[in-house]
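Open the model in your viewer and keep the selection tool at hand. The tour goes stop by stop, each with something to select.

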Amino acid sequence: LFVDADLAQSAEITLDKDQSLYLAAVLRKAIGDEAVLFNGRDGAWLCRLTADSKKSVALQCVEQIAPQPPRLDLWYGFAPLKNERLDYVIQKAVEMGTGTIQPVMTQLTQVHRLKTDRLHANAIEAAEQCEVLNVPEIAPEVTLERLLACWPVEHAERQLIFADEAAASASPLETLQSLKGKKVGLLIGPEGGFSPSEREKLLSLSFVTPISLGPRILRADTAAVAALAVIQATIGDWR
Ligand code: SAM
């Protein structure tokens, strides 16, 4: 369970109403039972329930069972998709391992109002389900124009891998292997793809590396998972 509290030997944690209800009523945990808590900073802690009311469960930290892993250093930018597809890309980005997730507004992006709270809640839920101790940071949305203008300063020495369905359909493996050891980011376009002028701009920049994910056009959410998988397989876990 993710908690927004410091975890340390003997620390006492009181859960909020929803988490208390989940532990006491859904998982039927009672005083003396154990639960594992994490906060994205202090590793995973085995804790014991000291109060089990459905409105307010309290726990005490017993021992750290996993250290906090180093923060993953993969930036992932995506043009926001609608509803469930947006939830899906956030969940998969957490499962596949990313350090920062940033919504990028492009000319053909169809979603203009984003609920950052929902993105964050989704990231936490995915981390809880998959025992990912690092919850990615959700960075504020940015326009593609601003992102690219600020990239050399804000992402110094990070190469931006651009998933480009119009790229020559050669395997991305060699290209990605040549980036091994470097900091990287991944950019995926919206349902309608990048506009011709956006694509032209991206291809003109020295910090952008285009990759193809095969000769077929993938849905944006599929492309995100496929790209994260090939990056994972070639560049490693971004440390
Ligand atoms: N209309 C579909 C949808 O609703 O998802 C397809 C959208 S596709 C144009 C969206 C993005 O996925 C593209 O901008 C690109 O970043 C990525 N993409 C899709 N197929 C790809 C491929 N074969 N190679 C590289 N990137 C791809």
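Select Leu86 first. Setting aside neighbours within four places in sequence, Leu86 is in contact with Pro80, Leu81 and Val111. This is a predicted model. Leu86 belongs to helix H2. Is Leu86 buried or exposed? Leu86 has 20 C-beta neighbours inside 10 Å, so it counts as buried; the cut-off for buried is 20 or more. Now add Gly189 and draw a C-alpha to C-alpha distance. Leu86 and Gly189 are 13 Å apart in space, with their positions 103 residues apart in sequence.

Keep Gly189 selected and show the ligand. How many residues surround the ligand? There are 17, and the closest are Ala163, Gly189, Glu191, Gly193 and Leu213. Colour this shell by residue class. You should get eight nonpolar, four polar and five charged residues.

Go back to helix H2 and select residues 83-96. Add helix H7, residues 220-235. The two helices pack at an angle of about 10°, and their axes are 9 Å apart. Because the angle is under 35 degrees, H2 is roughly parallel to H7. Show side chains at the contact. H2 contributes Arg85, Tyr88, Val89, Lys92, Ala93 and Met96. H7 contributes Asp221, Ala224, Val225, Leu228, Ala229 and Gln232. By class, the residues of this contact are eight nonpolar, one polar and three charged.

Pick Ala224 out of that contact. Which residues does Ala224 touch, not counting those up to four places away in sequence? They are Phe78, Val89, Lys92, Ala93 and Ile188.

Next, the nonpolar interior. The largest nonpolar core has 42 residues. Select Ile90, Ala93, Ala163, Leu186, Ile188, Ala224 and Ala227, which have the most contacts inside this core. Ala163 was also listed among the closest residues to the ligand. Now colour by element. At least two core residues each come from these:

- strands S5 (74-78), S6 (100-105), S9 (158-163) and S10 (183-188)
- helices H2, H3 (116-130), H4 (144-154) and H7

Which element gives the largest share of this core? H7 does, with seven residues. Then look for a second, separate core. This one has 13 residues, including Trp45, Cys47, Val57 and Cys61.

Two backbone checks follow. Select Asn83, in helix H2. Asn83 is not a glycine, yet its phi is positive, at about 40°. Only 8 other C-beta atoms lie within 10 Å of Asn83, so it is exposed; the cut-off for exposed is 12 or fewer. Now jump to Ser10, in the segment before strand S1 (12-14). Ser10 also has a positive phi without being a glycine, here about 70°. With 7 other C-beta atoms within 10 Å, Ser10 is exposed.

Finally, zoom out and show the whole protein chain. Count seven helices and eleven strands. The C-alpha trace spans about 60 × 35 × 30 Å along its principal axes. Of the 239 residues in the chain, 30% are buried. Among contacts with a separation of 6 or more, 76% join residues 24 or more positions apart.

Definitions and conventions. Residues are numbered from 1 along each chain as its sequence is written. This is a predicted model: local features need pLDDT of at least 70, side-chain atom pairs count only at pLDDT 80 or more; totals for chains, interfaces and linings use all residues. A residue is near a molecule or strand if its C-beta atom, placed from the backbone, lies within 6 Å of it. Ala, Val, Leu, Ile, Met, Phe, Trp, Tyr, Cys and Pro count as nonpolar, Asp, Glu, Lys and Arg as charged, and the others, Gly among them, as polar. Axes are lines fitted to C-alpha atoms, for helices over the stretch in contact, and angles run from 0 to 180 degrees between N-to-C directions. Helices (H or I, at least four residues) and strands (E, at least two) are DSSP runs, numbered from the N terminus. Angles under 35 degrees count as roughly parallel, over 145 as roughly antiparallel, 65 to 115 as roughly perpendicular and the rest as oblique. Two residues are in contact if their C-beta atoms, placed from the backbone, lie within 7 Å. A nonpolar core is a set of buried Ala, Val, Leu, Ile, Met, Phe, Trp, Tyr and Cys residues joined through C-beta atoms within 7 Å.
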